[in-house]
Amino acid sequence: MGGRMIFARRVAAIAWKDLIAEWRDRESMTAMCFFAFLVLFLFNFALGGDQTLIRGASSGLLWLAFTFTAVLGLARSVQGEMTNDCLDGLLLYPAEREAIFLGKLCGSFIVIMLVELISFPVFAVLYNMDIWSQLPKLLLIAVPATFGFATAGTLLSTMTVGLRAREAMLPFLLFPLTIPLILAAVRGTEIVLRGEVFELAMPWLKLTGAFDVLFLVGSLLTFELLIEE
């Protein structure tokens, strides 16, 4: 029990470090919010106010905005530690490598979820959609999907941290790998936005859960090897 508490405190300490750094800087958070607004606005402008077209494509457009925006935050998750050799200092922290990974994952997940919570009202206004009554169901779709995307992104950010073109390689690897997750999130969101029975979204939620478990276990098993390289 004591060992688990110490492990949890180390995870929380690393996540808190990242959140404090993000709060002091606010550069990544501001860029992510602005980018999400820009993507939603441009797609709305491109569709020309056609409500039938907008409602049919809204779930896909929402998740395009979420995934593009999340990449900005994930790129700083581990790669940001390269500044002033902070990565070496992080590796000297007396914690299991799994705790370091989970701490980085929790920090990224919280930041991405905050940006998504800010983006929902923007989406509702720009696309003239009443999402407030469906918000709890939307969060049931968004939370596990965002967790899976953050897990894969944190792992790949670690994998590409030593590459010269790491900023370009992260989205190049992340988007193809997370296609099943993005598809499940889009279809689940589409069912909720159409006001259909939530049970129809359960198969997509199960797919999201399977993706989360697979990548979380795989990441915990490989993170030490990747970070030491």
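Contact, as the word is used on this tour, means heavy atoms within 4.5 Å. The model is predicted, so local features are given only where pLDDT is at least 70 and side-chain atom pairs count only at pLDDT 80 or more, whereas totals for chains, interfaces and linings use all residues. Residues are numbered from 1 along each chain as its sequence is written, and side-chain values use heavy atoms, with hydrogens and water left out.

**First stop: R97 and I227**

Select R97, which is placed in helix α5; helices here are DSSP runs (H or I, at least four residues), numbered from the N terminus. At 15% relative accessibility R97 counts as buried, a word that stands for under 20% relative accessible area, while exposed stands for over 50% and partly exposed for what lies in between (1.4 Å probe, protein chains only). Once residues up to four places away in sequence are set aside, R97 touches L91, F223, E224, I227 and E228. Move next to I227, whose contacts, with neighbours within four places in sequence left out, are V78, L87, L91, R97 and T158.

**Second stop: the nonpolar cores**

I227 also leads into the largest nonpolar core, where it is one of the residues with the most contacts, together with L74, F101, I112, F149, A150 and L174. A nonpolar core is a set of buried Ala, Val, Leu, Ile, Met, Phe, Trp, Tyr and Cys residues joined through side-chain atoms within 4.5 Å, and this one has 36 residues. If you colour the model by helix, you can follow the core through α1 (2-25), α2, α3 (51-77), α4 (86-91), α5, α6 (135-159), α7 (166-177) and α9 (202-228), each of which supplies at least two of its residues. Which helix gives the largest share of this core? That helix is α5, with 10 residues. A second, separate core of 26 residues can be found by selecting F66, F120, F123 and L138, which are among its members. In soluble globular proteins, nonpolar side chains tend to be buried together.

**Third stop: S157 and C106**

Now select S157 in helix α6, which is buried, with a relative accessible area of 0%. Its side chain reaches the backbone oxygen of L74 at 3.2 Å, a polar contact in the sense of a pair of N or O atoms within 3.5 Å (within protein, one must be able to donate a hydrogen and the other to accept it, and residues adjacent in sequence count only if both atoms are side-chain atoms).

Then return to helix α5, which spans residues 97-126, and find C106 there. C106 is partly exposed, with a relative accessible area of 29%, and it is in contact with V11 and A15 when its neighbours within four places in sequence are left aside. A distance drawn between the C-alpha atoms of C106 and A65, which are 41 residues apart along the chain, comes to 21 Å.

**Fourth stop: the salt bridges**

A salt bridge is a side-chain nitrogen of Lys or Arg within 4 Å of a carboxyl oxygen of Asp or Glu, and a search of the whole structure finds 5 of them. Select R10 and E96, whose closest N and O atoms are 3.3 Å apart. Because R10 lies in helix α1 and E96 in the loop between α4 and α5, the pair ties together parts that are 86 residues apart in sequence. R10 is partly exposed at 24% relative accessible area, and E96 is partly exposed at 33%.

K17 and D18 form another salt bridge, at 2.7 Å from N to O, and these two residues are linked with K104 in a network of salt bridges. D18 is buried at 16%, whereas K17 is partly exposed at 35%. For a further pair, select R194 and E190, with their closest N and O atoms 2.8 Å apart; R194 is exposed at 53%, but E190 counts as buried at 17%.

**Last stop: N128 and F41**

In the loop between α5 and α6, select N128, which has a positive phi of about 50° although it is not a glycine. N128 is exposed, with a relative accessible area of 52%.

Finish with F41 in helix α2, residues 27-46, which is partly exposed at 37% relative accessibility.
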